[in-house]
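Good morning, colleagues. Please take a moment to look at the sequence and the structure before I begin.

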Amino acid sequence: MARISASVYTSHVPAIGAALDLGKTQEPYWQPVFAGYEFSKQWIKSNRPDVVFLVYNDHATAFSLEMIPTFAIGTAAEYAVADEGWGPRPVPKVVGHPALAAHIAQSVIQDDFDLTIVNKMDVDHGLTVPLSLMFGALDPKTQAWPCQVIPFAVNVVQYPVPSGRRCFALGQALRKAIESFDEPLDVQVWGTGGMSHQLQGPRAGLINREWDNRFLDRLIEDPAELAQLPHIDYVREAGSEGIELVMWLIARGAMADRGVGTKPKVAHRFYHVPASNTAVGHLILEN
Ligand code: DHB
Ligand code: FE
């Protein structure tokens, strides 16, 4: 059977992708950001998953105001890297796992979560920046990502957005789905986006270190309680784009403790301000 070995949480700031792609990682501004992922790049070499179930949000790239799925699962064989205005990032295309994705869709939809099934979708910085942070820079001409990826897009861009409670419960249904797949795959679930940031309006540039660090504590220690937080609290405390953090609760819900048993092991924890307009947060939890 497939098993979930770990969950990974990280911000997905597009400027981090640009810094990597343009060879700026050692510049004084960026060096402390990338230093926080040195452990992770080593860790994933010895904990290489077969498949990453990657929870992220599309930033009006594949979807637009014409169509807004709340939860969308990628069931395709592959996904092109999106052109977000400066040409596609120079990273490998993303290879999916259609059989596992279809199995998850079957199980999770029958568990009453109404997913949208997506067979064609370009993936933006929300998905590719976390891959780059964990696997480093890869040459798309000669290299491939070291694992298959199932993209799972959550609408946190256009209101109404799903609640943290719904996301946490979805993570629990996801765990059941993955553990009932009849192949010995090592699967990691990644929750991306956040932490505090607001990109527009009078509060643009908002960062809330104290709230972010409390969020990390609560995510580790008591995610079931954290899941009760209403969406307006994210927006008030962590900025309009801080709402991306509800996606972390999907990954946390997929961990073995289901929020009540023995806590997962914290393999790595990192927090840094700033990266562009955002507070960068990063966690690795092992089952
Ligand atoms: C920034 C952060 C994001 O999460 C995003 O999607 C776009 C921009 C930023 O900090 O610049
Ligand atoms: Fe974002």
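Let me start with the classes I shall use: Ala, Val, Leu, Ile, Met, Phe, Trp, Tyr, Cys and Pro count as nonpolar, Asp, Glu, Lys and Arg as charged, and the others, Gly among them, as polar. Please note also that this is a predicted model.

On those terms, the lining of the second largest pocket comprises 9 nonpolar, 3 polar and 1 charged residues. This pocket has a volume of about 180 Å³. Its lining is formed by 13 residues, of which Asp58, Phe63, Ile68, Asn155 and Val157 are the closest to the centre.

I turn now to the largest pocket, which holds about 670 Å³ of space. Here 32 residues form the lining, and those closest to the centre are Pro14, Ala15, Glu84, Trp86 and His125. Sorted by class, this lining has 14 nonpolar, 13 polar and 5 charged residues. Which helix gives the most to the lining of the largest pocket? It is helix H1, residues 14-21, with 5 residues.

Helix H1 also packs against helix H5, residues 125-135. Their axes lie 9 Å apart, at an angle of about 50 degrees. An angle between 35 and 65 degrees counts as oblique, and H1 and H5 are therefore oblique to each other. Their crossing is left-handed.

Which residues meet there? From H1 come Pro14, Ile16, Gly17 and Leu20; from H5 come His125, Val129, Ser132 and Leu133. By class, this contact has 5 nonpolar and 3 polar residues, and no charged ones.

Thank you for your attention.

Methods. Residues numbered from 1 in each chain as written. Chains lettered and ligands numbered in written order. Predicted model: local features only at pLDDT ≥ 70, side-chain atom pairs only at ≥ 80, totals over all residues. Heavy atoms only, no water. 1 Å grid on protein atoms, 1.4 Å probe; cavity = no way out; pocket = protein on both sides within 12 Å on 5 of 7 lines; lining within 4 Å. Points joined across faces, edges and corners; volume = space filled by probe spheres on them. Helix = DSSP H or I, 4+ residues; strand = E, 2+ residues; numbered from the N terminus. Axes fitted to C-alpha atoms, helices over the stretch in contact; angles between N-to-C directions. Parallel < 35°, antiparallel > 145°, perpendicular 65-115°, else oblique. Left-handed = near helix turned anticlockwise from the far one by under 90°. Contact = heavy atoms within 4.5 Å.
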